[in-house]
Amino acid sequence: QVHLVESGGGLVQAGGSLRLSCAASGDTVFISAMGWYRQAPGKERELVATITSGGSTEYADSVKGRFTISRDSASTTLYLQMNSLKPEDTAVYYCHADWRRSYSYRLDYWGQGTQVTVSS
């Protein structure tokens, strides 16, 4: 069992910055990749960025060069540094953990989400 809690969301003007955090607790030793997803009103949840246990990262094209994902060495805290924010970045941001106890035994864990609102 893994529990994920996001923080750091809020209201910011276009061009501003925010840093999201995701604290993981519980059976975190089996967490593999982690990531941030977002869901805007009336839209499907979409991938923002992911990071593997080895530190490899991937980003959605829409955030490349503006957002940076990172995690601490113990993989208990995930971050998303968001710069040059745009109104279209407005969404609820969710933390995700890919939990793998074995090759065939894996689970997905999600946080409760944190609202990010970017005003124009």
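Helices and strands are DSSP runs, where a helix (H or I) has at least four residues and a strand (E) at least two, numbered from the N terminus. With that in hand, here are some views of this predicted model.

**Figure 1. The whole chain is built with eleven strands and zero helices.** Reading along the sequence, you meet the pattern β-β-β-β-β-β-β-β-β-β-β. The radius of gyration is 14 Å, close to the 14 Å that the globule rule gives for 120 residues, so the protein chain is as compact as a globular protein of that length. Its C-alpha atoms fill a box of roughly 45 × 25 × 20 Å along the principal axes. Among contacts with a separation of 6 or more, 56% join residues that are 24 or more positions apart.

**Figure 2. Here we look at the surface and the charges of the protein chain.** Of the 120 residues, 40% count as buried. The chain exposes about 6300 Å², and carbon and sulfur atoms supply 48% of that area. There are 11 positive and 11 negative charges, and their mean positions lie 2 Å apart.

**Figure 3. Strand β1, residues 2-7, has side chains that alternate between two faces.** Follow the strand residue by residue: Val-2, Leu-4 and Glu-6 point to one face and are buried. His-3, Val-5 and Ser-7 point to the other face and are not buried. Strand β1 also has a partner, β3 (residues 18-26), and the two pair in the antiparallel sense over six bridges. To find one place where they meet, look for Glu-6, whose bridge partner in β3 is Cys-22.

**Figure 4. Ser-25 sits in strand β3.** Which residues does Ser-25 touch, leaving aside those up to four places away in sequence? They are Gln-1, Val-2 and His-3. Is Ser-25 buried or partly exposed? Its relative accessible area is 38%, and partly exposed covers values between 20% and 50%, so Ser-25 is partly exposed. For a wider view, find Arg-106 as well: Ser-25 and Arg-106 are 81 residues apart in sequence and 17 Å apart in space, C-alpha to C-alpha.

**Figure 5. Ser-84 lies in the loop between β8 (77-82) and β9 (91-100).** What is the backbone angle phi of Ser-84? Phi is near 50°, a positive value in a residue other than glycine. Ser-84 has a relative accessible area of 41%, so this loop residue counts as partly exposed.

Technical notes
Residues are numbered from 1 along each chain as its sequence is written. This is a predicted model: local features need pLDDT of at least 70, side-chain atom pairs count only at pLDDT 80 or more; totals for chains, interfaces and linings use all residues. Side-chain values use heavy atoms; hydrogens and water are left out. Buried means under 20% relative accessible area, exposed over 50%, partly exposed in between (1.4 Å probe, protein chains only). Two strands pair if DSSP finds at least two bridges between them. Contact means heavy atoms within 4.5 Å. The radius of gyration is taken over C-alpha atoms; the globule rule is 2.2 Å times the number of residues to the power 0.38. Accessible areas come from the Shrake-Rupley method with a 1.4 Å probe; for residues, only the protein chains shown count as cover. Lys and Arg count as positive and Asp and Glu as negative; His and the chain ends are not counted. The place of a charge is taken as NZ of Lys, CZ of Arg, CG of Asp or CD of Glu.
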